[in-house]
Amino acid sequence: MNYDLMFSPMNIGTMTVKNRIVMTAAEFSLGQPNGEPTEKLINYYEERAKGEVGLIIPGICRVNDMAATSTFTQLSMSSDRHIEPMKKMVERIHRHGAKLCIQLHHPGRQGYSSSINSLPLIIPITDRFPSFPNMLYKATPLLLGLEAKGVCMSQEAPSKCELSAHGAMRIHAMSNKAVKKLIRDFINAAVRCKKAGVDAVELHATHGYIIQQFLSPNTNQRTDEYGGSFENRLRFITEIIEGIKSECGKDYPLIVRLCADEMYDKIGLPDKGYNLETGKKIAKRLEELGVDALNISSACYDTYNYWLEPTSFEPGWRAYLAKEIKGVVDIPVIAANFIRSPEQAEKQLEEGYQDFIGSARNFICDPYWAKKIKDGHPEKIRRCIGCLHCIKSFIANASFKGAPGECALNPTVGIEKEWNELPDTGRGLRVLVVGAGPAGLTAAITLKHRGFEPVVYEKENKAGGQVNTAASGPFKDKLHWSVEDMITECDDLKIEIKYGTEVTPELVKELKPYAVMLATGGIPVRPRSIKGIDKDFVFTAPEVLNKKVEIKNSRVAVIGSGLTGLETIEHLNENGNTVTVIEMADKIAENAWFQFVDDSMSRIKPCGTEFKMNTKLLSIGDGEITVEKNGKEEKLKCDYVVLSMGVRPNNALLDEIAKAGVETKAMLIGDADKGGTIGNATQSAFKAAMII
C-alpha cells in the first residue's frame, strides 16, 4: 500500500504542513514550575520532529499562573519571560521541517485546588533553589488530603455545578470580571506565542476543560451574557477567538481542539451535556469566527474512556465524529480517532473522515512512526497497545515524584538525547536473558543497544509469557502487539531467541555468560492454607483465559476481583455462566487503574454478576464454598471455583544458580522480581539493563 495522501502537504490557514501527520497534545511532565521549556522537553519533541511528524502540538500550556495549573511542570505563556525560551524550542522543531503549535489551556473544575495562587510563590523560590520542588512532591499526599477535606481554595469554573469525576474538590462560579480577565489571558498568551515564532495556537475546548465547560449546559449555568442560550455559551470562546484574530492578525493560524460530543449517553445519561448535533453547530460557528482548523475529540473527565480509550476499544470507533464535523465545515479537520495502523490512517484520509491524522500515543510509543512508513518499513512500527501506562504513570509521577510519564513500550521517553548518545560499553559480552515476555525482550533490546550480545532463552515454543494470558481476555488481543513488535525489533537487531529450551544452572555454567537476567514471570497464587484448594473443579484464572479448561452454563465462584479477575468474569459471562465474585476488599479491583475497571464493569454489570465484598474464602467443599463476612459464615453453591488471587514471583532459578556456585551476575526483572503490568515489567527490565 502506498501512503501518498498521508505524505502530501496541506495548509492550515497560512501555515503549510509538510504532511498530514499531527502529534496531538498529551502532557507528560517534562517541564519545570516556571513554565519554560526544558532541554528534556525540547529533546522529546525534537525526536518526534526527526521522525517526520508534520505538526507538533505539545502538552497543555497555561495562560496564567494563578488558577490555571493542571501540573507544576506544564508549559506556560503567561508572561513575557516565556517568549525567548519558546523561541529556542521553535528553532529546534523547525530544524527538521516540522511546525509547532502551542495549545492554550485552563482546567476549570478539573484543576487541582492545592495549586491555586501557589505558583507565583513557587516560581521565584525554584529559580533560586532548583531542588525546592522535591519538597513539594513529598507534600503531595498532605495537599491532596487538604483538598479532600475542602481546606484548599476553590477552583474557578463557569458556574457552581456538580464536581468533576476527577479534579477540584471545591469550585466557585467566576465573576463577570474574572471571565473577562481570563479571556484576556488567552489572548495575551497567543500574542506571546506569535512573538516567539510559534506557527499556530490551539484552544483546548475538549476533555472537560474550561472552554468546554462554558460550551456545555451541564457546567455552564450562568445567567449573564456568558451563559444560558447557545449563543451566550459560545461567547467565552468567541471573544477569545476575536481577540486573537484582532491582535495576532487574521492570517495567524488558530486551531480549536473541539469536543464534538460529551458522550454522556455512553454512561447512561443521554440528556446530560451536549451531543454531536450541538457539536456540529459549535463547529460551524467556529468556522464563521475565522478559526483555521478543528481538531476533533470528545468527552470529559466524567466520560474518561471516550476520549482516552483503553485497550478494548476498536481503532477508529469514533471516526464518525470527525466525518460529521467535516460535513458541515470547509476548514481542515484533524482527528485522532484511535488510529493505530498506517493503513487505517490512509483509508480515513481517502474516505474523507478527516484531513489530518492526529495521535499522541502513537508518537509517544514510537517517535519514528511516520518515518518508518515514509521509508517503506511500516512493519517496524512499535504499536501502542492502549495499556494506559502513559496516563497512569504521568499522574503518579507528576504528582508525587516530579518525574515524567512513562510508556510501557518505549522506556526511552524523556531521555532521548542520552539514548541517542548511548556509549558502547557492552564490548560484545554475552548476557543470558531467561524468558521472552515483555521484560526479557526489553532487556535484550536494551542490552544490544549498549553493545552487549544478549541471547534469549524461552522454555515455551512461543514468546509472550504472561502477556499471552492477558491478551486472551475479552477485547484484549491488542496487548499481544507488544510482543510481536519486540520480536520484530529483535530480528532487526539480530538478537538470537532460543525457543523450547529451559535454562538450568548447568546450562548457565556451560555458557559462562557475563550476566544472567531472569525474566521468568510469575506463578498464580494458590493458597495451600485453604481447605479444598486442590479439588478437581478448582482452576486458576490463567487456565480459564488460556482455554485450558472450558466452563459453560455453570455456577462459578471467582475468588478475587483484580483486573485478571474482571477479565475472567467477562469470559465466564460470555459462556453463559452465573458468576459470584468473592472479594476481601471493599472496592472492586482497588489497586487497578480506574479506566480499566470502568471499562470491564460496563460489560459485566448487564450480566447480573454478584459481587460479595469484604468477604473471605474459608474453604472449598463438594459443590459449595464457605465464606465469611463480618464474622458470619455462609455457604454458597457452585460448580466451579476460579482463583484470581494474584501471582507470586517465579524466581527459584536465582537461588539455584547461586547454590550451584555459578560465577556470574544474576538479577531478577519484571514479574520475576515484582508482579505488575506490562509497563512495570518493561520499565524494570530497561532500568536493570541500563546499569548492568
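Guide: Rings of Phe, Tyr and Trp count as a pair if their centres lie within 6.5 Å. This predicted model holds 17 aromatic pairs.

Visitor: Why is the pair of Y209 and Y301 called edge-to-face?

Guide: The ring centres of Y209 and Y301 are 5.5 Å apart, and the limit for a pair is 6.5 Å. Their planes stand at 75 degrees. Over 60 degrees counts as edge-to-face, so this pair is edge-to-face.

Visitor: Where in the chain do Y209 and Y301 lie?

Guide: Y209 is in the loop between β10 and α7. Y301 is in the loop between β12 and α11. They are 92 residues apart, so the pair links distant parts of the chain.

Visitor: Are Y209 and Y301 buried or exposed?

Guide: Y209 has a relative accessible area of 7%, and Y301 has 13%. Buried means under 20%, so Y209 is buried and so is Y301.

Visitor: Which residues form one aromatic cluster with Y209 and Y301?

Guide: Y304, W307, W593 and F594.

Visitor: What makes the pair of F539 and Y640 tilted?

Guide: Their ring centres lie 6.3 Å apart, with the planes at 35 degrees. Stacked needs under 30 degrees and edge-to-face over 60. The value of 35 degrees fits neither, so the pair is tilted. F539 is in strand β20 and Y640 in strand β27, 101 residues apart.

Visitor: How do you know whether F539 and Y640 are buried or partly exposed?

Guide: F539 has a relative accessible area of 16%. The cut-off for buried is under 20%, so F539 is buried. Y640 is at 25%. Partly exposed runs between 20% and 50%, so Y640 counts as partly exposed.

Visitor: What makes R92 and E46 a salt bridge?

Guide: Their closest N and O atoms are 2.7 Å apart. The cut-off is within 4 Å, so the pair qualifies as a salt bridge. R92 lies in helix α2 and E46 in helix α1, so the pair ties together parts 46 residues apart in sequence. R92 is buried at 9% relative accessibility, and E46 is buried at 8%.

Visitor: How many salt bridges does the structure hold?

Guide: The structure holds 49 salt bridges. Another one joins D80 and R192, at 3.0 Å from N to O. D80 sits in the loop between β6 and α2, and R192 in helix α6, 112 residues apart.

Visitor: Why is D80 called exposed and R192 buried?

Guide: D80 has a relative accessible area of 53%. Exposed means over 50%, so D80 is exposed. R192 has 12%. That is under 20%, so R192 is buried.

Visitor: What parts does the salt bridge of D127 with R81 tie together?

Guide: D127 lies in helix α3 and R81 in the loop between β6 and α2, so parts 46 residues apart in sequence are tied together. The closest N and O atoms are 3.4 Å apart. D127 is partly exposed at 43%, and R81 is partly exposed at 35%. Elsewhere, salt bridges that share partners join E39, E46, K88, E91, R92 and R95 into one network.

Visitor: How do you know that K323 sits over the ring of Y353?

Guide: The charged end of K323 is 4.4 Å from the ring centre of Y353. The distance limit is 6 Å, and an angle limit of 35 degrees from the ring normal also applies. K281 likewise lies over the face of F230, at 4.3 Å from the ring centre.

Key. Residues numbered from 1 in each chain as written. Predicted model: local features only at pLDDT ≥ 70, side-chain atom pairs only at ≥ 80, totals over all residues. Heavy atoms only, no water. Salt bridge = Lys/Arg side-chain N within 4 Å of Asp/Glu carboxyl O. Helix = DSSP H or I, 4+ residues; strand = E, 2+ residues; numbered from the N terminus. Buried < 20%, exposed > 50% of the residue type's maximum accessible area, 1.4 Å probe, protein only. Phe/Tyr/Trp six-rings, centres within 6.5 Å; stacked < 30°, edge-to-face > 60°.
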